[in-house]
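Student: I have a new structure to read. Can we go through it by asking what each label rests on?
Tutor: Yes. Have the picture in view first.

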Amino acid sequence: MAAVYGRFVAKGAHLARAERLQGATGALATAAMAAMEEKLPWFGKLSAQDRSWIGLVAQSGISAFVEWFRDPEAHSSMPTRIFGSAPREFTRVISLHQTVDLVRTTIETIENTIGTLLPPSDVPIVHEAIQRYAREVAFAAATVYAQAAEMRGAWDARLEALLVDSVIRGEADESVRSRASALGWTGAAGTTGAAEVAVVVGRAPAAEPAETRNAGSNVADLVRHAAREAGADALCAIQGDRLVVVLGGTSKPVEIVQKLAPWFGPGPIVVGPVVKDLMSAVTSARAAVAGLRAAAAWPGAPRPVPADELLPERSLSGDGHARRQLANEVYAPLTVGDGVLLDTVSAYLDSGGSIEATARAMFIHANTVRYRLKRVADITGYNPLNPRDSFTLRVALTLGRLLNPEPGGTVL
């Protein structure tokens, strides 16, 4: 009976202490706001509305502490509910570090002020409760910011996927710039300080890499991080079974992609040509997608491979842009003048790549053939003596004759 009476008396004393603490909440909230103004330089730079929200959160926190102090078991979730009076945008107004400063300032103010508002016998008990409650509030703040980060991450992922899809489909407009900027795209942050853009297409990984699972990230996050480490911006999206990366700020995308290759699935990785900006990226995307479709025809292709090195395979697979490019950039320049270079490279290819046979067929010296073939390489960028380049030249000459451009003209 004496023990029961003792617990009853102790409970009564605790409730009386809680009532006295309840009466001090207004003064504590006012003191906390004054301390924020004095100790936190960034606080005074906030708008009146934002400071008002912070005041409500502080008031709510102190009131919640009183309720929790009254009965910790019945109000165990109270620390996680004190942020309910703040709007969702609150997490964008101040950082997690600033929130910790607010909590610290509020707790310190309560500890320094409580002695003037409560009887001396209450102060040690309230101090101990404050320390315990402060830890719970810190965890609650971290939870709020973690949830906000997850929501922002999900929204950014959807925005990024839509942005990459717009580039692939050629629907990029001025809004693409602002959307990309919202995702951290600078467009000129790379190794050259220029705004060049190239689109990269490869197979998506069939299964989540171990590195991804261990890091708690996804493939897109890892690709962006690796690109930034290599000195380029990156937008990334998985579209079905393919992984699409838009690289910016580098004129040497192949070198960047070599560092990104581990995050692609097996098979070819095709790098589209460099274009001037995001608005023109559809040209690079179109070449990269066509290159990925045609890459199977060149089993020995390097990984990654520039789309322009797949021009013959792309043209044979039905890519009209590749056909016109070969006709205009390879065949047409050889038709300028008397056409002797075109005749020479044609004879060389028809002779099976024999310089001596070409010389006999054209009744010229072998050194003349060598000189003319060197001119062909200088003009077209393709060396007839190289087996791969000679294949490209053969396809280009065939297409040029089919499309029949005017000598030195272009095929539209």
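**Reading the sheet**

Tutor: Start with strand 1 (residues 197-203) and strand 3 (residues 242-248), which pair in the antiparallel sense over seven bridges. Keep in mind that this is a predicted model.

Student: What makes strand 1 and strand 3 a pair?
Tutor: The test is at least two bridges between two strands. Strand 1 and strand 3 have seven bridges, so they count as paired. Among the partners, valine 201 stands opposite valine 244 in strand 3. Alanine 198 has leucine 247 of strand 3 as its bridge partner.

Student: How do you know that strand 1 and strand 4 pair?
Tutor: Use that test again. Three bridges join strand 1 and strand 4, in the antiparallel sense, so the cut-off of at least two is met. Valine 200 has its bridge partner, valine 271, in strand 4.

Student: What is the order of the strands in the sheet?
Tutor: The five strands run 2-3-1-4-5 in an open sheet, and the pairing is mixed.

Student: Why do strand 2 and strand 5 stand at the edges?
Tutor: Strand 2 (233-239) and strand 5 (305-306) each have a single partner strand, so one side of each has no neighbour in the sheet.

Student: Which helix packs on the sheet and touches strand 2 and strand 3?
Tutor: That is helix 10 (residues 219-229). Its direction makes about 155° with that of strand 2. Helix 11 (residues 253-260) packs on the sheet too, touching strand 1, strand 3, strand 4 and strand 5. The direction of helix 11 makes about 135° with that of strand 3.

Student: What makes strand 1 "mostly covered"?
Tutor: Buried means under 20% relative accessible area. Six of the seven residues in strand 1 are buried. For the chain, buried residues make up 45% of the 412 residues.

Student: Why is valine 274 called partly exposed?
Tutor: Its relative accessible area is 35%. Buried is under 20% and exposed is over 50%. The value of 35% lies in between, so valine 274 is partly exposed.

Student: Where is valine 274, and which residues does it contact?
Tutor: Valine 274 is in the loop between strand 4 (269-271) and helix 12 (281-294). Leaving aside neighbours within four places in sequence, valine 274 contacts Glu196, Val197, Ala198, Ser251 and Pro253.

Conventions
Residues numbered from 1 in each chain as written. Predicted model: local features only at pLDDT ≥ 70, side-chain atom pairs only at ≥ 80, totals over all residues. Heavy atoms only, no water. Buried < 20%, exposed > 50% of the residue type's maximum accessible area, 1.4 Å probe, protein only. Helix = DSSP H or I, 4+ residues; strand = E, 2+ residues; numbered from the N terminus. Contact = heavy atoms within 4.5 Å. Axes fitted to C-alpha atoms, helices over the stretch in contact; angles between N-to-C directions.
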